[in-house]
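Q: I'm new to this structure and could use a friendly walk through one part of it. Could you take a close look at how the helices pack and what surrounds the ligands?

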Amino acid sequence: MKIFTARQIRECDAFTIQEEGITSADLMERAANACASWLQQHYSNHTPVLVVCGMGNNGGDGLALTRILLQQGYPARAVVLRHAAQFSPDAAHNLTLLHQLMPENIRILEPGQYLSTLSEDILVIDALFGTGLNRPLEDWPASFVQELNALSNTVIAIDTPSGLPADSLPEPEAAVIRAQYTLSFQFYKRSFLHPEAAVHTGAVHLLDIGLSTQYITATHTQYYTTGAATAAALYKPRNPFGHKGSFGKVQLVGGSYGKMGAIALSTRAALRSGAGLVFTAAPETGNTILQVLNPEAMFIAAGKEVVEKIKAEDKAVLGIGPGMGQAPETGAALLRYIRSANGSLVLDADALNLVAAEKDMLHLLPAHTIITPHPREFERLFGKAPDSMLQVELARANAMKYNICIVLKGHHTAVVLPTGACWYNTTGNAGMATGGSGDVLTGILTALLAQGYTPADAARLGVYLHGLAGDLAAAASGQEALIAGDLPDWLGAAFRSLSGDL
Ligand SMILES: NC(=O)C1=CN([C@@H]2O[C@H](COP(=O)(O)OP(=O)(O)OC[C@H]3O[C@@H](n4cnc5c(N)ncnc54)[C@H](OP(=O)(O)O)[C@@H]3O)[C@@H](O)[C@H]2O)[C@@H](O)CC1
Ligand SMILES: Nc1ncnc2c1ncn2[C@@H]1O[C@H](COP(=O)(O)OP(=O)(O)O)[C@@H](O)[C@H]1O
Ligand SMILES: [K+]
């Protein structure tokens, strides 16, 4: 799904209005109805609701919503902050309609006025500012937001938590509503996909308001989310006549004393991701345990105590790094391999730390190599960024510079392609924040490459499947009990969901 900027969303609204021959007030009514339906599904009409409105169109949504809720029997009231010289035309229109219905349920607050304490059972709707925010909140609106944040009431933000920019992240001290839920119209705002905004958005629900498909299809963006539809479109069903030679050879390279488990997990994940043949290349000391853990995989001695040589089996796709350690011999072997490599390649964990210590290696990486750093590994490779969105921008610059795919891991892992396109993943959960989860991802990605997926497709599909396996595992056992070894066991169900088989 495409992610649009605040400006593009405005254009999309305007395009839809023109295309459908409706008024902007009609579209606002649609937006308010979508919010009302969501509220109806989650809160009975005995719930007292206070809608806090601004004077722009976000406030207009709030005023329309108050009217619709009143008509549905909710005890709803609107409070309007007089923060500007005038209302937007549609907000003014909706103020008039609400006034005609229930004038006593509207209160206008003048600058410097605040809500007196609210009873805890009142549901607060934040319709102060939406995508029209054009500067950080200051003075009265800022302190009003801080005051609301100090209350213990449930807050539901309309379109965006007020004060949160769509296309950048706020300063840490900025006044931004902290909502439990955000009901956003049709698209993710890019900020929602970053950890700094999560404390403000709470759970995000996207409400379809029928915006123009023509505009959406025709409008360029470099930012997307990978959801079920994208993943299903990337998935290539297995050839019924295929044999093990048709589904590629995977060679996972890593493991060291005390960290054989990491490469065992990658191996297991590759086996569960459809690879025809899987090899584990690890130090000899790991032979017995690796063969016992994954009898389906073949063992290659890559050294005695540490990885000392990296040599690809014929036509194998290599995934290098899990548990590999950073011994000088290993670094030298990696450099030799990268100098000669020309096929698909995945680099993770210690392979990335070794590259970070010898940055010239970045120039030697074969085109479209997939690297899978977590934010700290990314920092070692490419330096610090002031916030996580600027870190993604740094990833985009480096993916284009080195012609590689960067899988920047996190809650919404960003898959950044050599074109600069950035795909935020939508599966996965905090249960996966446990040692070894990343090793599993390396196995999945390498197996997809071996089966002929392009690096861009393997990275997007693999990250989605990894997160989905985590979501299915967490649904079965809970997030706390989830361990990385569970993830390969759920890959089957994750794959089956792609063909609608779950
Ligand atoms: N377009 C459509 O058809 C649809 C739009 N929809 C809805 O419209 C929303 C966007 O509405 P919008 O563009 O009117 O902007 P909005 O967020 O209400 O804020 C503008 C007001 O805030 C003010 N202001 C800004 N920054 C400020 C600050 N830091 N501190 C103080 N004031 C500040 C600004 O005043 P000014 O900059 O002139 O001082 C102006 O008064 C969108 O999020 C969605 O909810 C839906 O109904 C679907 C159909
Ligand atoms: N809170 C979270 N939500 C979603 N995914 C997560 C979360 N925490 C971790 N993950 C995923 O788990 C994996 C952890 O990788 P990594 O940090 O390399 O772990 P390890 O080195 O222990 O294998 C990544 O794919 C990451 O996206
Ligand atoms: K809002």
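A: Here is a tour that starts with the domains, moves to ligand 1 and the helices beside it, and ends with the other helices and ligand 2.

A quick note before we set off: this is a predicted model, where local features need pLDDT of at least 70 and side-chain atom pairs count only at pLDDT 80 or more, while totals for chains, interfaces and linings use all residues. Residues are numbered from 1 along each chain as its sequence is written, and chains are lettered from A and ligands numbered from 1 in the order in which they are written.

Let's get our bearings. The domain assignment (automatic or from a database) splits the protein chain into domain 1 (6–221) and domain 2 (230–498). Their centres, taken over C-alpha atoms, sit 41 Å apart. Six residues from domain 1 and seven residues from domain 2 make the contact, where two residues touch if their C-beta atoms, placed from the backbone, lie within 7 Å. On the domain 1 side you'll find three nonpolar, two polar and one charged residues. For those classes, Ala, Val, Leu, Ile, Met, Phe, Trp, Tyr, Cys and Pro count as nonpolar, Asp, Glu, Lys and Arg as charged, and the others, Gly among them, as polar.

Now for ligand 1. It has 29 residues around it, with Gly-56, Asn-57, Asn-58, Gly-130 and Gly-132 coming nearest; "around" asks for a C-beta atom, placed from the backbone, within 6 Å. This shell holds twelve nonpolar, twelve polar and five charged residues. At least two shell residues come from each of helix H1 (6–20), helix H2 (24–42) and helix H3 (57–71). Helices here are DSSP runs (H or I, at least four residues), numbered from the N terminus, as are strands (E, at least two).

Two of those helices, H2 and H3, also pack on each other, at an angle of about 55° with axes 8 Å apart. The axes are lines fitted to C-alpha atoms, for helices over the stretch in contact, and angles run from 0 to 180 degrees between N-to-C directions. H2 and H3 are therefore oblique to each other: under 35 degrees counts as roughly parallel, over 145 as roughly antiparallel, 65 to 115 as roughly perpendicular and the rest as oblique. The crossing of H2 and H3 is right-handed, meaning the near helix is turned clockwise from the far one by less than a right angle, with anticlockwise giving left-handed. Among the residues in this contact are Met-28, Ala-32 and Leu-39 of H2 and Asn-57, Ala-64 and Leu-69 of H3. By class, the H2 and H3 contact has ten nonpolar, three polar and two charged residues.

Further along, helix H12 (residues 349–357) has two partners to look at. With helix H14 (residues 375–382), its axis comes within 8 Å and crosses at roughly 20°, which makes H12 roughly parallel to H14. That crossing is left-handed. Leu-352, Asn-353, Val-355 and Ala-356 of H12 meet Glu-377, Arg-380 and Leu-381 of H14.

With helix H11 (residues 328–340), the H12 axis comes within 10 Å and crosses at roughly 85°, so H11 and H12 are roughly perpendicular. Thr-330, Gly-331 and Leu-334 of H11 touch Ala-351, Leu-354 and Ala-357 of H12.

Last stop, ligand 2. Of its 18 surrounding residues, Gly-428, Ala-430, Ala-433, Ser-437 and Gly-438 come nearest. Helix H16 (residues 437–450) gives the largest share of this shell, four residues. The whole ligand 2 shell divides into five nonpolar, eleven polar and two charged.
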